[in-house]
Amino acid sequence: MNFTYIFHNFTVQSIDCQNVLFKLNEHLNNIVILSSHYDSRARATKDPDVLKRDDPIPGANDGASGCAVLIDLARIFYTLKDNLSCQIWFLFFDAEDQGYDYGPGISGWDWCEGSNKFVEDIDFFFNSSYELFDAMILLDMVGGVNLEFINEQYSTSSLIEELFEIGQQLGYTSEFPGSPTVASITDDHVAFINYGIPSADLIINFWNNPSWPFHHTVNDDLTSISNNSLEVTGKTVEQFIYNNYLMQNKTYTGNYPWTGDINLLSTEVVNIILIIAFLFFGITIFFLIKRYLVKKRQSDLMDNN
């Protein structure tokens, strides 16, 4: 049985767009979605050179890296399809990256247009009477140098936690750190979370990252891509599928069915709480010292009298 492919056509402000879906093992009724966006931003709104901010970004990391990993995973899983106990969807989103940051990518467009449109139409792509979704994994900016994933907070915590544990067990402790940055990112997985599918976003700190400062700039090109980062991402997702869906693997116990979801406070919120706590502590110490000095002065005056 070969791949089944489907083009999902939609429009944003009368502009034709297209999500692309490939299905493997379509005869099985439980589905795992592996996904990425394939569009790149129309304007380099964060480029340090203001003269380049109307140029399109190459999108080597922000878009193409996730697609590259999915294509290689499709090649690998195709050779093992008869030994896998799940249907795998390889889903490529259009119109993800045109929202507003320092300016619009395309005027009037929001983020994640393609994934939102897909979920709106999801009933056209599966039969809910006998098919069900196990999980959705999104890959976004997974190929840059100095790869380090964050603990993304819209993600289903038991699923993102399992991916981190697998990465760490494979020896990728720099890429899957024990104390990752914590943040909530509006990305293509959010629509699937809202639909009720356990979902996880493998994504980096792209907003304040000296190790990869190329987000939405013209320098998001092949010179900032690491073969090692692509391999780390691919092998981690590959192992996730083997652990949970390789028929010969009967001993693995992960977090399936990934219904547990405990979100942590974001890094920004934690920092604000810490600042408030330090301010409160400092003010308290100040008033205690002031009170002590006043009492000491009154005591000295009484002694002098």
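**Salt bridges and packing in a predicted model**

Q: Is Arg-43 buried, partly exposed or exposed?
A: In this predicted model, Arg-43 has a relative accessibility of 24%. Buried requires under 20% and exposed requires over 50%. The value falls in between, so Arg-43 counts as partly exposed.

Q: Which residue does the side chain of Arg-43 meet in a salt bridge?
A: The N to O distance for this pair is 2.8 Å, and a salt bridge needs the two atoms within 4 Å. Both residues lie in the loop between S3 and H1, 11 residues apart. The partner is exposed, with a relative accessible area of 57%. It is Asp-54.

Q: How many residues apart in sequence are the parts that Asp-101 and Arg-41 tie together?
A: Asp-101 and Arg-41 form a salt bridge, with their closest N and O atoms 3.2 Å apart. Asp-101 sits in the loop between S4 and H2, and Arg-41 in the loop between S3 and H1, so the parts joined are separated in sequence by 60 residues.

Q: Does Arg-41 count as buried or exposed?
A: Its salt-bridge partner Asp-101 is partly exposed, at 23% relative accessibility. For Arg-41 the relative accessibility is 0%. Since buried means under 20%, Arg-41 counts as buried.

Q: Which residue forms a salt bridge with Arg-75?
A: The closest N and O atoms of the pair are 2.9 Å apart. The two residues are three apart in helix H1, so about one helical turn separates them. The partner has a relative accessible area of 36% and is partly exposed. It is Asp-72.

Q: Which element gives the most residues to the largest nonpolar core?
A: The core has 46 residues. Elements giving two or more residues to this core include strand S3 (30–37), helix H1 (64–79) and helix H5 (227–245). The top contribution is seven residues, and it comes from H1.

Q: Which residues is Ile-88 in contact with, leaving aside its neighbours within four places in sequence?
A: Ile-88 is one of the residues that touch the most other members of the largest nonpolar core, along with Leu-34, Phe-77 and Phe-90. Beyond its sequence neighbours, Ile-88 contacts Phe-22, Lys-23, Leu-24, Val-32, Leu-34, Phe-77 and Ile-241.

Q: Which helix do the buried residues of H2 pack against?
A: The buried residues of helix H2 (residues 113–120) are Glu-113, Gly-114, Ser-115, Phe-118 and Val-119. They pack against strands S1 (4–12), S2 (15–24) and S4 (87–93). The helix they pack against is H4 (190–195).

Technical notes: Residues numbered from 1 in each chain as written. Predicted model: local features only at pLDDT ≥ 70, side-chain atom pairs only at ≥ 80, totals over all residues. Heavy atoms only, no water. Buried < 20%, exposed > 50% of the residue type's maximum accessible area, 1.4 Å probe, protein only. Helix = DSSP H or I, 4+ residues; strand = E, 2+ residues; numbered from the N terminus. Contact = heavy atoms within 4.5 Å. Core = buried A, V, L, I, M, F, W, Y, C linked by side-chain atoms within 4.5 Å.
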